[in-house]
Amino acid sequence: ASKQASKQASKQASKQASKLTDISLLRIVATIAVVFLHTNSTLTDNKELFQLTDNQYLFFLCAYRMLYWAVPVFLMITGALLLRKDKAITWDVCIRKYCKRILLALFIFGVPFSVMMISMETKQVSPLMILQAVMNVIEGKSFGHLWYLYVLIGVYLVLPFLKNATDNMNEKTMRTFLLILFLFNFCIPLIESVARIEISFMVPFTTFSVFYVVCGHFLEEYIEVGRKIATAGFVSMLIFAVMVALLSGSGDYLGYDSPIIGLTGIFAFLLFKGMDIDDVHRGGVWNVDRLCFGVYLIHPVFIHFTYKLLKVSPVSFNLYWLVMPVFGVIFVIIAFFGSWIMSKIKPLREYVL
């Protein structure tokens with residue numbers, strides 16, 4: 001009986017380690033995808049500055065819209081980890097632990113980022129820039145990628161409510177809830193945009209973030225699909241996203257509230273679910289995982305510095321389509337190295353990263 005109990009405990013521990021490993025692997029891949037996303041979107045968002053041709057613009061547009069699934073995956077991971085039935089979530093914990101960490105990150109990194117952007121635009125430096133930078137952070141006018149942190153604070157503030165709700169939902173109820181959110185927050189906006197009509201029906205949860213957070217919990221708890229099916233779904237959605245971007249000539253139909261992006265994120269989550277590696281490498285994966293938030297915070301600094309100050313970008317080369325991945329890899333390496341250096345600073349490691 002003792003041996004049987006020991007085997008059972010070992011199996012349970014292995015299963016739990018596998019769950020944590022697949023989340024870590026997914027977060028690492030999504031973080032790398034975000035760096036590649038901004039490697040491309042920084043060019044398309046400043047088309048005139050980089051003098052992109054129509055073909056270059058379409059290429060970089062397709063490249064970064066294909067990667068939009070990464071941020072929804074971050075929200076799904078939040079739901080998968082924090083909405084577990086065995087996880088105790090209170091407003092005190094959410095405010096004092098989670099929200100405080102994100103607020104510190106916003107101001108510690110957002111203010112210097114904003115000062116840097118102001119000085120690059122005005123070509124001068126003054127003490128008043130700090131005050132303007134603080135206001136920019138409050139108003140959400142610092143680096144664009146920080147929008148996710150504002151959303152995350154909102155998610156943390158409603159997390160205890162979501163936790164209480166999902167704890168009392170069975171699989172069928174949760175599936176129905178997600179379908180309603182998907183219909184009103186993803187499908188109806190798409191219909192309005194394509195058909196150029198206004199649909200007045202709405203639900204109280206008019207945000208994609210709640211859908212992704214609850215969806216991550218639902219997928220983690222109830223959904224199992226084969227790796228081949230998840231891969232086929234993920235690749236199909238990527239191809240679909242490229243086709244839509246090419247046909248429309250823009251990314252108007254491929255935002256975070258797009259059914260295409262939503263489904264791509266879902267298939268990405270399912271693709272990594274249950275993925276495991278041997279015990280020897282789990283520690284290394286976990287260490288890299290711990291650097292991901294820092295990478296998210298600082299990676300645009302290196303991109304803007306290279307593109308706008310050094311004036312070197314993929315567009316500087318004739319084979320821009322071949323050089324772009326090289327830029328992405330370089331930015332990934334530098335950002336992870338920078339995050340590793342920040343992790344050695346004790347206050348940052350304990351209170352922010």
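**Figure 1. Aspartate 92 and its salt bridge with arginine 96.** Aspartate 92 has a relative accessible area of 47% and is therefore partly exposed, a class that lies between buried, under 20%, and exposed, over 50% (1.4 Å probe, protein chains only). In this predicted model, local features need pLDDT of at least 70 and side-chain atom pairs count only at pLDDT 80 or more, whereas totals for chains, interfaces and linings use all residues. Residues are numbered from 1 along each chain as its sequence is written, and side-chain values use heavy atoms, with hydrogens and water left out. The partner of aspartate 92 is arginine 96, with an N to O distance of 3.6 Å; a salt bridge is defined as a side-chain nitrogen of Lys or Arg within 4 Å of a carboxyl oxygen of Asp or Glu. Arginine 96 counts as exposed, at 57% relative accessibility. Because the two residues are four positions apart in helix H5 (residues 91–122), about one helical turn separates them; helices (H or I, at least four residues) and strands (E, at least two) are DSSP runs, numbered from the N terminus.

**Figure 2. Lysine 346 and glutamate 350 in helix H15.** The side chains of lysine 346 and glutamate 350 form a salt bridge with an N to O distance of 3.9 Å. Both residues belong to helix H15 (residues 346–351), in which they are four residues apart, or about one turn of the helix. Glutamate 350 is partly exposed, its relative accessibility being 46%.

**Figure 3. The salt bridge between arginine 290 and aspartate 289.** The closest N and O atoms of this pair are 3.3 Å apart. Aspartate 289 is buried, at 2% relative accessibility, while arginine 290 is partly exposed, with a relative accessible area of 38%. By the salt-bridge rule, the count for the protein comes to 10.

**Figure 4. The surroundings of serine 114 in helix H5.** Serine 114 counts as buried, with a relative accessibility of 1%. When its neighbours within four places in sequence are left aside, serine 114 is in contact (heavy atoms within 4.5 Å) with Ala133, Asn136 and Ser142.

**Figure 5. The surroundings of arginine 65 in helix H3.** Arginine 65, which is found in the helix formed by residues 54–65, is buried, with a relative accessible area of 11%. Apart from its neighbours within four places in sequence, arginine 65 has contacts with Gly251, Leu254, Gly255 and Ile261. The C-alpha atoms of arginine 65 and asparagine 40 are separated by 9.2 Å, and these residues are 25 residues apart along the chain.

**Figure 6. The whole protein, as the setting for the close-up views, with 15 helices and zero strands.** The C-alpha trace spans about 75 × 55 × 40 Å along its principal axes. Of the 353 residues, 49% count as buried, and among contacts with a separation of 6 or more, 81% are accounted for by residues 24 or more positions apart.
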